[in-house]
Amino acid sequence: MNRSIPVLLAVAFLLIGFWAYPDIQEIAAGLAMFLLGMSLLEQGFQNFSGGALERILERATASMPKALGLGIVATALMQSSSLITVITISFLSAGMITLLGGIGIIFGANIGTTTGAWLIAGIGLKIDIAAYALPMIAISGVLGFAPGKYLAGSGRILGGIGFLFLGIYFMKEGFDGISGNIDLARLAMTGALGLIVYAVVGAMMTVVMQSSHATLVLTITALAAGQITYENALALAIGSNVGTTVTALIGAISANYQGRRLALAHLLFNGITATVALVFIKLLAGAVQILSDAVGIATDDFTLRLAMFHTLFNVLGVSLMLPFARQLVTFLEHRIPAPKVDISVPHFLSEDVLRFPETAEAALRNEIRHLLTNTTRLAARNIGIDIARLRGSPDIAAAVSAMPFTQTPGISYETRIKPLYGAILEFAARLNAGEMPPAISERLFELREAAGRLSRAAKDAQHLHRNTEFYATHSSGKATRLYDDLRTQIARILIELDDMAEADPESRSSLWLDDERVEIRRHRAQLTEDVEQAIRDERISTTAATSFLNDARTAHHLMDNLLEAARVCYAETDPALAQVEQLLTIEEDEAEAFGQDQIASEKETHNGPTQDNTQT
């Protein structure tokens with residue numbers, strides 16, 4: 001009920017306004033059409049998400065110039081800095097781009113959004129755009145019934161442009177109509193007070209309408225009709241820039257700390273830019289006059305000069321802030337520190353990343369990598385090894401045998417795996433409730449399977465704990481050496497997975513995992529023969545041998561699940577590279593056969609049974 005009160009008040013305000021000033025109905029209807037057009041345009045572009053748009057955003061943020069250029073071009077094409085801001089916050093929350101790259105996109109979006117003022121002032125008020133709007137809306141209505149989201153998205157984009165044009169037309173006609181009855185120019189204010197008041201009004205208008213474009217189109221059409229002064233129009237344009245930061249602040253509510261940092265960066269940038277523009281308004285107005293004269297804009301064409309001013313002060317703001325971008329990142333990291341790491345809760349899953357399929361997939365992939373790290377730590381704890389100490393060892397087998405059985409306190413399946421696995425399943429279920437492109441849907445299924453494998457691997461690690469601890473702390477001859485060998489194989493896998501997690505993404509490859517899968521199968525066959533030979537030589541009792549073989553089977557399942565989950569986590573998502581990687585990947589049956597062939601080859605080489613490869 002509380003949410004309805006502002007809406008009802010707005011409706012009441014409109015009805016009173018229509019009764020007192022019937023002529024403003026056309027302006028209000030034009031504004032409503034413009035806002036509807038903006039909404040349709042955003043929905044249409046969101047239909048094309050889940051592929052090219054997200055990949056472009058992800059790859060074009062490697063450097064500040066690229067991120068800046070991307071923000072300019074994307075916003076100019078979509079005519080919605082709000083959509084670009086929301087997507088950028090989603091990408092940052094999902095861990096797909098850096099904070100510096102996100103700031104670059106936001107800087108560029110502020111320049112890109114100025115193209116809207118040029119379109120409105122240069123085209124919207126110069127030609128009969130209603131003649132183009134009506135066919136667009138008609139065609140969009142037909143496309144809305146077309147199958148497939150891309151055709152439907154095209155229809156929304158076309159309809160959005162049509163309603164934008166129609167809204168501009170009605171607002172222009174409305175201001176022309178009231179010019180003979182109502183003189184809003186009487187409300188003009190000069191001097192510093194006028195600048196401040198109209199800047200605040202522009203910010204409030206943008207906050208209410210959630211669109212700086214809507215504020216600008218109202219300002220430009222009112223200026224064209226002589227209803228506001230040029231000086232007050234400049235202040236409204238400055239205020240609209242400040243008001244648009246509210247979109248970023250709203251988008252950051254459901255984002256993680258990185259998203260909140262970007263929203264604050266947006267607020268600081270626009271606030272500082274607006275302050276500089278207000279302080280140096282006379283100098284900027286003079287620069288606008290010089291530039292306008294240079295490009296041939298008529299002296300009395302205040303609408304185009306307003307567009308020039310809007311571009312100039314945004315470019316000035318970027319020029320002022322860009323050299324301090326890294327210092328801004330440092331300030332944001334200090335002002336909004338990263339929360340204390342709790343590895344048992346999700347780090348990347350949030351409401352914000354659910355907006356777009358590609359960001360949702362990236363967030364889920366990063367979260368499963370987090371689960372993989374937790375699982376490797378749990379496995380290391382249960383077999384009593386310290387990965388950090390083993391990583392620099394030239395002989396892992398000797399280091400494992402000599403290392404005291406160590407257990408990191410506070411790590412268990414219930415505290416480190418189960419809560420995170422449950423959050424991943426819940427997030428994946430919510431993703432499946434929406435429409436997904438087939439390729440992403442297939443990858444999401446693989447990611448869910450990978451999470452399940454990690455859960456099973458964690459349980460396998462717990463099952464190994466009892467016997468590995470006993471034989472590591474009680475010297476039992478051959479049985480101890482067998483368990484040490486098993487711990488060595490697991491330790492080697494855990495170390496390599498740690499190295500993979502810390503490797504540069506550009507140089508990381510998951511192809512080495514196939515070699516490990518072959519090695520695991522070779523090791524499994526080798527152990528079986530080794531145990532059988534030890535039983536025959538009476539170096540191990542049948543009871544200990546049976547327990548060991550059961551544990552070995554569990555350990556090999558553990559390693560298999562870790563490797564397969566890692567393959568999915570670090571798989572190449574680019575279609576072309578993924579196809580190449582798939583061709584190079586050894587299938588499970590092939591790996592099994594290859595492992596058996598290696599054993600047979602070793603037998604032929606030694607001209608007899610495979611020798612005991614454990615320590616004696």
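**Close-up 1. A salt bridge within helix H23 joins Arg-492 and Glu-496.** In this predicted model, Arg-492 forms a salt bridge with Glu-496, and the closest N and O atoms of the pair are 3.9 Å apart. Both residues belong to helix H23, where they are four residues apart, or about one turn of the helix. Glu-496 counts as partly exposed because its relative accessibility is 24%, a value that lies between the limits of 20% for buried and 50% for exposed.

**Close-up 2. Glu-564 and Arg-567 pair within helix H25.** The salt bridge between Glu-564 and Arg-567 has its closest N and O atoms 2.6 Å apart, and the two residues, both in helix H25, are three residues apart, about one turn of the helix. Glu-564 is buried because its relative accessible area is 17%, whereas Arg-567 has a relative accessible area of 24% and is therefore partly exposed.

**Close-up 3. A salt bridge connects helix H18 with helix H22.** Here Glu-361 forms a salt bridge with Arg-443, with 2.6 Å between the closest N and O atoms. The pair links distant parts of the chain, since Glu-361 is in helix H18 and Arg-443 is in helix H22, 82 residues apart. Both Glu-361 and Arg-443 are buried. Through salt bridges that share partners, Glu-361, Arg-365 and Arg-443 are joined into one network. Counted by the rule used here, the model has eight salt bridges.

**Close-up 4. The largest nonpolar core has 67 residues.** Leu-364 and Ile-368 are the residues with the most contacts inside this core. Several helices each supply at least two of its residues, including H18 (357–382), H22 (438–473) and H25 (542–569), and the largest share, 13 residues, comes from H25. When neighbours within four places in sequence are left aside, Ile-368 is in contact with Ile-424, Leu-447, Ala-450, Ala-451, Leu-454 and Cys-569. A second, separate core of 32 residues includes Leu-68, Ile-84, Ile-111 and Ala-362. In soluble globular proteins, nonpolar side chains tend to be buried together.

**Close-up 5. Leu-193, Val-197 and Val-201 make a nonpolar patch on the surface.** The patch formed by these three residues covers about 220 Å². One of them, Val-201, is found in helix H10, which spans residues 191–209. Val-201 counts as partly exposed because its relative accessibility is 33%.

Key. Residues numbered from 1 in each chain as written. Predicted model: local features only at pLDDT ≥ 70, side-chain atom pairs only at ≥ 80, totals over all residues. Heavy atoms only, no water. Core = buried A, V, L, I, M, F, W, Y, C linked by side-chain atoms within 4.5 Å. Buried < 20%, exposed > 50% of the residue type's maximum accessible area, 1.4 Å probe, protein only. Contact = heavy atoms within 4.5 Å. Patch = residues over 30% accessible without salt bridge, like charges linked within 9 Å, V, L, I, M, F, W, Y side chains within 5 Å. Areas by Shrake-Rupley, 256 points an atom, 1.4 Å probe, with all protein chains shown as cover. Salt bridge = Lys/Arg side-chain N within 4 Å of Asp/Glu carboxyl O.
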